[in-house]
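I opened a new page for this one and wrote down what I looked up, step by step. Here is the structure I was working from.

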Amino acid sequence: MEHINKFLTSDLPVYLATAPIPKTFSGFTELSADQWMQLSPLLTSLLLLVLLPFIAVALRPAQKHTVWINKTVEKSKDKVVTTCTVQDIEDLASKKAVYCRCWKSATFPLCDGSHNKHNQETGDNVGPLIVKK
């Protein structure tokens with residue numbers, strides 16, 4: 001910490017006081033090669049300060065985008081499990097039972113055809129589970 005303090009309170013002010021910083025932008029065109037070399041640490045530091053946020057964003061690892069499939073059904077539970085017996089299925093329909101697999105049905109776990117709208121909007125191809133007798 002002592003080295004940083006010395007740099008900020010002593011070395012940096014002396015460097016800036018003796019640096020050949022022109023008063024105008026056009027003054028940079030009149031600097032000699034030696035003066036440019038004397039300014040290079042300052043200009044490099046300023047360039048890094050400007051570019052560092054952009055570099056940090058560019059090198060940041062890609063984040064996973066979490067997409068919830070189930071947006072409304074029994075969200076208070078850790079896992080949604082629906083159990084049906086064969087008798088339950090037989091009682092639901094005389095010929096077939098249609099179960100939702102898109103999680104968008106208002107009658108979940110039974111299908112209400114909501115997957116059709118979902119498929120049109122997203123290009124998905126999800127459909128129901130159909131159990132035939």
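My entries below go from the whole chain down to single residues.

**Entry 1: the whole chain**

I reminded myself before anything else that this is a predicted model. I then went through the secondary structure and found 4 helices and 2 strands. Reading along the sequence, I wrote the pattern down as α-α-α-β-α-β. Next I looked up how spread out the chain is. Its radius of gyration is 34 Å, while the globule rule gives 14 Å for 133 residues, so the chain is more spread out than a compact globule. The extents of the C-alpha trace along its principal axes are about 95 × 35 × 20 Å.

I also wanted to know how much of the chain is buried. Buried residues account for 15% of the 133 residues. For contacts, I took the ones between residues at least 6 apart in sequence, and 40% of those join residues at least 24 apart.

**Entry 2: helix α2**

I picked α2, which runs over residues 33-59. How far apart are its end C-alpha atoms? I got 34 Å for these 27 residues, short of the 39 Å that a straight helix would reach. So I went looking for a bend. There is one of about 45° at Leu39, and the proline Pro41 follows within four residues.

**Entry 3: aromatic pairs**

I searched for paired rings and found 2 aromatic pairs. One is Phe28 with Trp36, which sit 5.8 Å centre to centre with 35° between the planes, a tilted pair. I checked the accessibility of both partners: Phe28 is partly exposed at 23%, and Trp36 is partly exposed at 35%.

The other pair is Trp103 with Phe108. Their ring centres are 4.8 Å apart and the planes meet at 15°, so I noted this pair as stacked. Trp103 is partly exposed too, with 23% relative accessibility.

**Entry 4: odd backbone angles**

Trp103 came up again when I went through the backbone. It has a positive phi of about 65° although it is not a glycine. Its place is in the loop between β1 and α4. I found Pro109 in the loop between β1 and α4 as well. The peptide bond joining Phe108 and Pro109 is cis, with omega about 15°.

Glu74 also has a positive phi, near 45°, and is not a glycine either. I located Glu74 in the loop between α2 and α3. Its relative accessible area is 34%, so I put it down as partly exposed.

**Entry 5: the cysteines**

How many disulfides does the structure hold? I counted 0. I looked at Cys100 to see what its sulfur has around it. The nearest cysteine sulfur belongs to Cys102 and is 3.8 Å away, and Cys100 is in no disulfide. The cut-off for a disulfide is 2.5 Å between the sulfurs, so 3.8 Å doesn't make it. Then I tried Cys111. Why is there no bond from Cys111 to Cys100? Its sulfur is 5.8 Å from that of Cys100, the closest cysteine sulfur, and this is too far for a bond.

Is Cys100 buried or exposed? It is buried, with a relative accessible area of 10%.

**Entry 6: His118**

I moved on to α4, residues 114-122, where I found His118. This histidine is buried, at 16% relative accessible area. I then listed its contacts, leaving out neighbours within four places in sequence. What remained was Lys104, Gly123, Asp124 and Val126.

**Entry 7: Val131**

My last residue was Val131, in strand β2 (residues 129-132). Its relative accessibility is 27%, so it counts as partly exposed. Which residues does Val131 touch, not counting those up to four places away in sequence? I wrote down Ile89, Lys95, Lys96, Ala97 and Tyr99. I also looked up the separation between Val131 and Glu121. These two are 10 residues apart along the chain, and their C-alpha atoms are separated by 27 Å.

Note on methods
Residues numbered from 1 in each chain as written. Predicted model: local features only at pLDDT ≥ 70, side-chain atom pairs only at ≥ 80, totals over all residues. Heavy atoms only, no water. Buried < 20%, exposed > 50% of the residue type's maximum accessible area, 1.4 Å probe, protein only. Contact = heavy atoms within 4.5 Å. Expected span 1.5 Å × (residues − 1). Bend = angle between axes of the 7 residues up to and from the residue. Phe/Tyr/Trp six-rings, centres within 6.5 Å; stacked < 30°, edge-to-face > 60°. Rg over C-alpha atoms; globule rule 2.2 N^0.38 Å.
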